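Let's take a friendly walk through how the helices and strands of this chain are arranged. Have the structure open as you read.

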Amino acid sequence: MTAPGADRVAVLMSHLGSVQERIARAVASAGRDPASVHLIAVTKTWPSSDVRALAGLGLRDFGENKDQEAATKAAALVDLDLRWHLVGRLQRNKVRSVVRYAAVVHSVDRVELASALGTAAERGDRRLTALIQVSLDDDPTRGGVAIERVAALAEVIHQQDGLILGGVMAVAPREVDPARAFARLREVADQLQTDHPDATMISAGMSEDLEAAIDAGATHLRIGAALLGQRPTLG
Ligand SMILES: *Cc1c(COP(=O)(O)O)cnc(C)c1O
């Protein structure tokens, strides 16, 4: 078990303070309840010692975008009571691994993946929260289901005993004003909640656009670089 160095802990503490200030300011200006906004630290490419340090600073929710890296960190940190979020594109052949450690999968964007996850969760005697990743720009390479298919996918997830339909997730497209993109996501979320009132999660907002996401009603922010620094490699 590698202990985080004191210098690194000081850096992370200062980053966390800045992020928490940004969140508090955005929550206040949106007139929202601070308890309705949750911070997920996206630790991809960073070592388990950083996760341990952030846990020591009070964080419990951690996100990764690749199964293998997530599984390794979850195993190295089993002594901590962490909630792991898978936020990246997920191949169907990874679901058996994912259900062993993940609490929430943010990137469910197709029926086959939803049923595979549900089956794997049930076999592993687990219940996972599944979020529907919504495409806000019709670019299939970025992942996400088209808005007109959200309702059908929600039904499939709802029918899986191993899954809890949590809500929606999106990544703001690069060329679009994030405020407009997240407003669209909010509409999709509101529509989903007319059929599934418990599906209240809106996973949106990253380091660059967390204010716009909070303003549009995001409940779960996925923050990497602003907490950990610029990633050493593309993640
Ligand atoms: C890496 C990643 C994030 C965090 O992005 P930052 O810009 O580093 O805050 C959030 N969501 C997803 C899906 C990611 O892959």
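## How α1 and α2 cross

In this predicted model, helices α1 and α2 cross in a right-handed sense. The residues that make the contact are Arg-8, Val-9 and Leu-12 on the α1 side, with Asp-50, Ala-53 and Leu-54 on the α2 side. By character, four of these contact residues are nonpolar and two are charged, while none is polar.

Two packed helices are described by the angle between their axes and by the distance between those axes. Here α1 spans residues 6-29 and α2 spans residues 48-56. Their axes are 10 Å apart, and the packing angle is about 60°. The two helices are therefore oblique to each other.

## From β2 to β3

Next come the strands. Strand β2 (residues 61-64) runs parallel to strand β3 (residues 83-86), and four bridges join the pair. If you would like a spot to look at, find Phe-62, which stands opposite Trp-84 in β3.

Between these two strands the chain passes through helix α3, residues 67-76. This β-α-β crossover is right-handed.

## From β3 to β4

Strand β3 also pairs with strand β4 (residues 102-108); these two run parallel and are joined by three bridges. Here His-85 has Val-104 of β4 as its bridge partner.

Which helix makes a β-α-β unit with β3 and β4? That is helix α4, residues 95-101, and the unit is right-handed.

Terms used
Residues are numbered from 1 along each chain as its sequence is written. This is a predicted model: local features need pLDDT of at least 70, side-chain atom pairs count only at pLDDT 80 or more; totals for chains, interfaces and linings use all residues. Side-chain values use heavy atoms; hydrogens and water are left out. Axes are lines fitted to C-alpha atoms, for helices over the stretch in contact, and angles run from 0 to 180 degrees between N-to-C directions. Angles under 35 degrees count as roughly parallel, over 145 as roughly antiparallel, 65 to 115 as roughly perpendicular and the rest as oblique. A crossing is left-handed if the near helix is turned anticlockwise from the far one by less than a right angle, and right-handed if clockwise. Contact means heavy atoms within 4.5 Å. Ala, Val, Leu, Ile, Met, Phe, Trp, Tyr, Cys and Pro count as nonpolar, Asp, Glu, Lys and Arg as charged, and the others, Gly among them, as polar. Two strands pair if DSSP finds at least two bridges between them. A crossover is right-handed if, with the strands pointing away from the viewer, the path from the first strand over the helix to the second runs clockwise.
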